[in-house]
Amino acid sequence: MLATWYIWAAIASDQITFKRLVPPARPAGGQELVADLDLQERARSGREQRPYVLLNMASTLDGRAALNGRSGAISGPADHAMFRGLRTVVDAVMAGAGTVRAERYGPLVRDPGDRRVRLERGLSEQPLACVVSASMSLGADIPLLADSGSRVVIITSSRDSLSGARAQLEYVRAARGSGSDLELDLGAAMSELQERLQIRTLLCEGGPHLNSELLARGLVDELFLSLAPKLAGDPAQGESLLRIIAGRSFEPPLELELISAAESESELFLRYAVKTRDRA
């Protein structure tokens, strides 16, 4: 394991302090923790004809990934800093349509300092926004789609197009099967993102069903998991129990390898490599 490959992403605020646990090191402020993940080099050296994919999720200690349908109540200041930092080191950020709607996604990198960090790394000011929607169940009033400065790719198996959006829209149409059996082909979509749109590194932010499909098809390289020091218990009546994975079980379970761990204000930040196995 080469430690230089596994350094935490940029942290926007110097007021957040992390204690690195694995590998052991002294506490570090935000800017001390800023380092290039060398993802572009890892993407070039990979054998897959797809982007290098990071999955970033947050969870309570008892496994809840959302409260009242949203993840914001789970996260603390350090998690928000990590969330922002990861967006400064990738070519594209992807999320499912349900997550984009529930979290009211807007422009992905809003802070001018974060945009400068991206430019210094040779990236565009804004990562490409990728929204996965097999059925095109999106509204043009979502802040991301209403922002004329955002470039958005909709990944879908549908032939329909979205009207009324002000964002710069493109489509990756990837389907397999026919007729009523038509379904989204995420593997083909990932290949097109790399080949046509030159996306070499991609950060996925959920939701749980998209995570499940990506993992099942061997399309995730690393998992960043923030564990909040909270116990949420069972959901209220009528509220869905969302975990970071939903809609599928893995038999046998997927194996991961711990790369690094950090702590801030009792919140744990775990980074895992997803071990390869045959795709579903």
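**Helix α8, strand β2 and the salt bridges of the predicted model**

Helix α8 is largely enclosed by the rest of the structure, because 7 of its 9 residues are buried. The model is predicted. The buried set in α8 (208–216) comprises Pro 208, Leu 210, Asn 211, Ser 212, Leu 214, Leu 215 and Ala 216. These residues pack against several strands, namely β2, β3, β4, β9 and β12 (267–274), and also against helix α7. Gly 218 follows α8 and has a positive phi, near 70 degrees.

The chain as a whole gives the setting. Its secondary structure amounts to 8 helices and 12 strands. The chain has 280 residues, and 49% of them count as buried. Among contacts between residues at least 6 apart in sequence, 69% join residues at least 24 apart.

Strand β2, one of the elements packed against α8, spans residues 52–60. Burial here covers 9 of 9 residues. In a regular strand, side chains alternate between the two faces of the sheet. Both faces of β2 are covered. On one side, Tyr 52, Leu 54, Asn 56, Ala 58 and Thr 60 are buried. On the other side, the buried residues are Val 53, Leu 55, Met 57 and Ser 59.

Two strands pair with β2 in the parallel sense. Strand β9 (residues 201–204) is joined to β2 by 4 bridges. In this pairing, Tyr 52 stands opposite Thr 201. Strand β10 (residues 222–228) pairs with β2 over 7 bridges. Here Met 57 stands opposite Leu 225. Tyr 52 and Met 57 belong to opposite sides of β2.

The structure holds 1 cavity of 30 Å³ or more. The largest cavity has a volume of about 40 Å³. Its lining includes Val 93, Met 94 and Ala 95, and strand β3 (92–96) supplies at least two of the lining residues. Strand β4 (128–132) likewise supplies at least two. Ala 129, Cys 130 and Val 131 are also in the lining, as are Val 100, Tyr 105, Leu 108 and Leu 144. By class, the lining has 10 nonpolar residues, with no polar and no charged ones. Both β3 and β4 are also among the elements against which the buried residues of α8 pack.

Charged pairs form a separate theme. Side chains of opposite charge can pair when their charged atoms come close. A search of the whole structure finds 12 salt bridges. One of them joins the side chains of Arg 50 and Asp 221, with an N to O distance of 2.9 Å. Arg 50 lies in the loop between α2 (39–45) and β2, and Asp 221 lies in the loop between α8 and β10, so the pair ties together parts that are 171 residues apart in sequence. Arg 50 is buried at a relative accessible area of 6%. Asp 221 also counts as buried, at 18% relative accessibility, against a cut-off of under 20%.

A second salt bridge links Arg 84 to Asp 111, with the closest N and O atoms 3.9 Å apart. This pair also connects distant parts of the chain, 27 residues apart. Arg 84 sits in helix α3 (residues 77–87), whereas Asp 111 sits in the loop between α4 (97–102) and α5 (112–120). Arg 84 counts as partly exposed, at 35% relative accessibility. Asp 111 is partly exposed too, at 31%.

In a third salt bridge, the side chains of Arg 196 and Glu 170 meet at 3.7 Å, N to O. Arg 196 lies in the loop between α7 (186–195) and β9, while Glu 170 belongs to strand β6 (residues 168–173), so parts 26 residues apart in sequence are tied together. Arg 196 is partly exposed, with a relative accessible area of 38%. Glu 170 is partly exposed as well, at 22%. The pair belongs to one network, in which salt bridges that share partners join Arg 151, Glu 170, Glu 192 and Arg 196.

Definitions and conventions: Residues are numbered from 1 along each chain as its sequence is written. This is a predicted model: local features need pLDDT of at least 70, side-chain atom pairs count only at pLDDT 80 or more; totals for chains, interfaces and linings use all residues. Side-chain values use heavy atoms; hydrogens and water are left out. Buried means under 20% relative accessible area, exposed over 50%, partly exposed in between (1.4 Å probe, protein chains only). Two strands pair if DSSP finds at least two bridges between them. On a 1 Å grid over the protein atoms alone, a cavity is a set of points where a 1.4 Å probe fits but cannot get out, and a pocket is an open set with protein on both sides within 12 Å along at least five of seven lines; lining residues have an atom within 4 Å of a point. Grid points are joined across faces, edges and corners, and a volume is the space filled by probe spheres set on the points. Ala, Val, Leu, Ile, Met, Phe, Trp, Tyr, Cys and Pro count as nonpolar, Asp, Glu, Lys and Arg as charged, and the others, Gly among them, as polar. A salt bridge is a side-chain nitrogen of Lys or Arg within 4 Å of a carboxyl oxygen of Asp or Glu. Contact means heavy atoms within 4.5 Å.
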